[in-house]
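Please open the structure in your viewer and keep the selection panel at hand. This tour moves from one selection to the next and says what is there at each stop.

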2 protein chains.
Amino acid sequence: MLDPRRLLTLRAVVRAGSMTAAAAELGYTPSAVSQQVAALERETATPLLVRHARGVLPTEAGALLVEHAEVVAGRLARAAEEVADLTALRAGRLRLASFASAGARLLPGAIGEFRRRHPAVRLSLELAEPDECPDRLRDGDLDLAITFGYVPGPALDADGLTSTFLFDDAVNVALPAGHPAVGDTLRPTDEVDVATLRDAAWIRDAGSLCREQLVDMCATAGYTPNIAFDSDDFPMVSGLVESGVGVALVPDLAVHQMGRRVVLRRLRPRVVRRIEALTLPNPAPATAAMLDVLRSRRAA
Amino acid sequence: MLDPRRLLTLRAVVRAGSMTAAAAELGYTPSAVSQQVAALERETATPLLVRHARGVLPTEAGALLVEHAEVVAGRLARAAEEVADLTALRAGRLRLASFASAGARLLPGAIGEFRRRHPAVRLSLELAEPDECPDRLRDGDLDLAITFGYVPGPALDADGLTSTFLFDDAVNVALPAGHPAVGDTLRPTDEVDVATLRDAAWIRDAGSLCREQLVDMCATAGYTPNIAFDSDDFPMVSGLVESGVGVALVPDLAVHQMGRRVVLRRLRPRVVRRIEALTLPNPAPATAAMLDVLRSRRAA
DNA sequence: TCGAGCATGCAGCAGAGCTTAAGCCCGCCC
DNA sequence: GGGCGGGCTTAAGCTCTGCTGCATGCTCGA
């Protein structure tokens, strides 16, 4: 394969009409240009320029190479330009993933803000559970994932990834209005002790992290929960709670999906989901820009 | 503009899936490849690869650059290939020029031979007088010109060009059968002394070199020719000679265009046209190949 | 005949870029 | 769980490409 550097030098020479003029354009001495061309002629074993009193003219082979050099130069320029567009957020894509409740409550605002700032970036969003996100980020399937981890609870395996704390999402227990474990004495500000729910039937969020979290929480309180139902849909959970099938854990982010006859109370000991944005370290510009948006909205 | 070398390295890395594998392909150490990629990332101020336990994957910007690199690599390969085709005479063009009588007698055979040897080379031929050929060669309008110069006579201005002697084309005088300067005593092998044509009317070849040559020849013999007619068409010259308008100089190459009632005799002192092939020094392969053909036919 | 402009060759030097060696991180296997 | 191996990175050093500066040869125009 030919040396692209020399090919571009040849192009400059033919465009300029003389080695001296090309050298001036390229910021070299005529000697350097002459040597480059000579090397290319040696490489191709063909004369590429006919030397002239007033400069040089390309031979057939020279003209052929210049045509290719034009394409190469054009590509190099376009490549640089497009990468610059990418870094300046005048182009590019951002592939987001999030768990369902953040998708409904947190992201719409952030995405709106991002689109306002960087309208040229193509956005995509899909739902994904926290535990599948790290691998998909590492595989290059995703750029940024909104995940959560329970506190207390095991940390997510985010080795080699950068996690940005967004906020803590408090977890409530959802109870039917007259639940026996609650009685009539409950005041709106009261918390419910996990231990008092020992005999409750549980309606459990089917998300893998949430499944484990319920069991862990009850284990800490000294019992194994009686799980009556698994569901991944909060409106359905709401209906089940309302109709007295059982109680459920409902984080703040999903509260708006609960019917109004459901009673929501904080837990004691406190349980929160730590909401985070997960990215590769050294993220691409669009990803970094979205992190900025998320951070700025956390502050607000 | 981006460094094409580094761009191609990036391409190799992404294709290979790891820097180490790419280094092996390229014949470098992994360290060298890593430095190249790092330099490119510095140059573009953008991460191009995500580092992985089992190798690397391109980022969006990296994939973008690889696409461009593919085009560049393709062009470089095609360029090398096409130049190789040119040098191997599997492609290319050869622009010939010649004066009229060589075009009719010398070139058809040579061109046939050339086409047999190198059928892929596109040939073109145009008529051109010897004195315009050097400049057109130097300007790159022509690749090879068949020219002639009279001997004795001034040499053609072929500065900076290479001339290849082909053969000498003897010049005859064409006379009407019973021309007074000849009488009835002329035998077929006789020569005609230029001096004896002092009083002849001349029909002159209109080609610039030939115009001058007639005057020079007569001046050497001590007189100024009486020019009755200028023509650039040998059949017409033939007719004029036959009908007794005058005499004319006719080189061997044009003898076949003379009518059979015209008498042709060698001149004393001898006059020849030196037939040459004119090219640039260090000619392109197709041009060199045609020189070979011309030389080989000269030998035969 | 001289001077200006251009290409080229040579000597010399600077720096790009390679190699070697060591380190670190990650995943795997015993 | 700890050693191990594959892979990327960094630092130091060296090689060699490729540039500069200058002298030369050439052509053309005055």
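Begin by selecting Leu89(B), which comes just after helix 4 of chain B and takes a positive phi of about 65°; helices (H or I, at least four residues) and strands (E, at least two) are DSSP runs, numbered from the N terminus. Before going on, note that this is a predicted model, in which local features need pLDDT of at least 70 and side-chain atom pairs count only at pLDDT 80 or more, while totals for chains, interfaces and linings use all residues. Residues are numbered from 1 along each chain as its sequence is written, chains are lettered from A and ligands numbered from 1 in the order in which they are written, and side-chain values use heavy atoms, with hydrogens and water left out.

**Residues with a positive phi**

Most residues other than glycine have a negative phi, and most peptide bonds are trans. Leu89(B), with its positive phi, is a residue other than glycine, and you will find Leu89(B) in the loop between helix 4 and strand 3 (93-98) of chain B. Is Leu89(B) buried or exposed? Leu89(B) is buried, with a relative accessible area of 12%, where buried means under 20% relative accessible area, exposed over 50%, and partly exposed in between (1.4 Å probe, protein chains only).

Now select Ala45(A), in the loop between helix 3 and strand 1 (49-52) of chain A. Ala45(A) is not a glycine, and yet has a positive phi of about 55°; Ala45(A) is exposed, with a relative accessible area of 63%.

**Two helices of chain B**

Next, colour helix 4 of chain B, whose 28 residues reach 41 Å from the first C-alpha to the last, close to the 40 Å expected at 1.5 Å a residue; the expected span is 1.5 Å times one less than the number of residues. Then turn to helix 3 of chain B, which has 15 residues and reaches 21 Å, close to the 21 Å expected. The buried residues of this helix include Val33(B), Val37(B) and Leu40(B), and among the elements that cover its buried residues are helix 4 (60-87) of chain A and helix 1 of chain B.

**Where the two chains meet**

Show both protein chains together: 40 residues of chain A are in contact (heavy atoms within 4.5 Å) with 39 residues of chain B. The size of an interface is often given as the accessible area lost when the parts come together. Here chain A and chain B bury about 3,400 Å² between them, 75% of it on carbon and sulfur atoms, buried area being the accessible area (1.4 Å probe) that two parts lose on being put together, summed over both. In chain A, select Glu60(A), His68(A) and Leu76(A), which lose the most area to chain B and together make up 18% of what that side buries.

**DNA strand C**

Select DNA strand C, which is surrounded by 21 residues, with Met19(A), Thr20(A), Arg51(A), Arg5(B) and Arg6(B) the closest; a residue is near a strand if one of its heavy atoms lies within 4 Å of it. Of the atoms of DNA strand C within 4 Å of the protein, 71% belong to sugar or phosphate and the rest to bases. For polar contacts (a pair of N or O atoms within 3.5 Å), look at Ser34(A), where a side-chain N or O atom is 2.9 Å from a phosphate oxygen of DNA strand C, and then at Thr29(B), where a polar side-chain atom lies 2.9 Å from a phosphate oxygen of that strand. At Ser31(A), an N or O atom in the side chain is 3.1 Å from a base oxygen of DNA strand C.

**DNA strand D**

Keep Ser31(A) selected and add DNA strand D, because an N or O atom in the side chain of Ser31(A) is also 3.0 Å from a base oxygen of DNA strand D, which means that this pair counts as a polar contact. A second base oxygen contact is with Gln35(A), whose side chain has an N or O atom 3.3 Å from a base oxygen of DNA strand D. On chain B, a backbone N or O atom of Met19(B) lies 2.9 Å from a phosphate oxygen of DNA strand D. Which element gives the largest share of the surface near DNA strand D? Helix 3 of chain A does, with four residues.

**Last stops**

Finally, select Pro269(A), in the loop between strand 11 (262-268) and strand 12 (272-279) of chain A, where the peptide bond from Arg268(A) to Pro269(A) is cis, with omega near 0°. In chain B, the peptide bond from Arg268(B) to Pro269(B) is cis, with omega near 0°.

Key
Polar contact = N/O pair within 3.5 Å; in protein donor to acceptor, adjacent residues only side chain to side chain.
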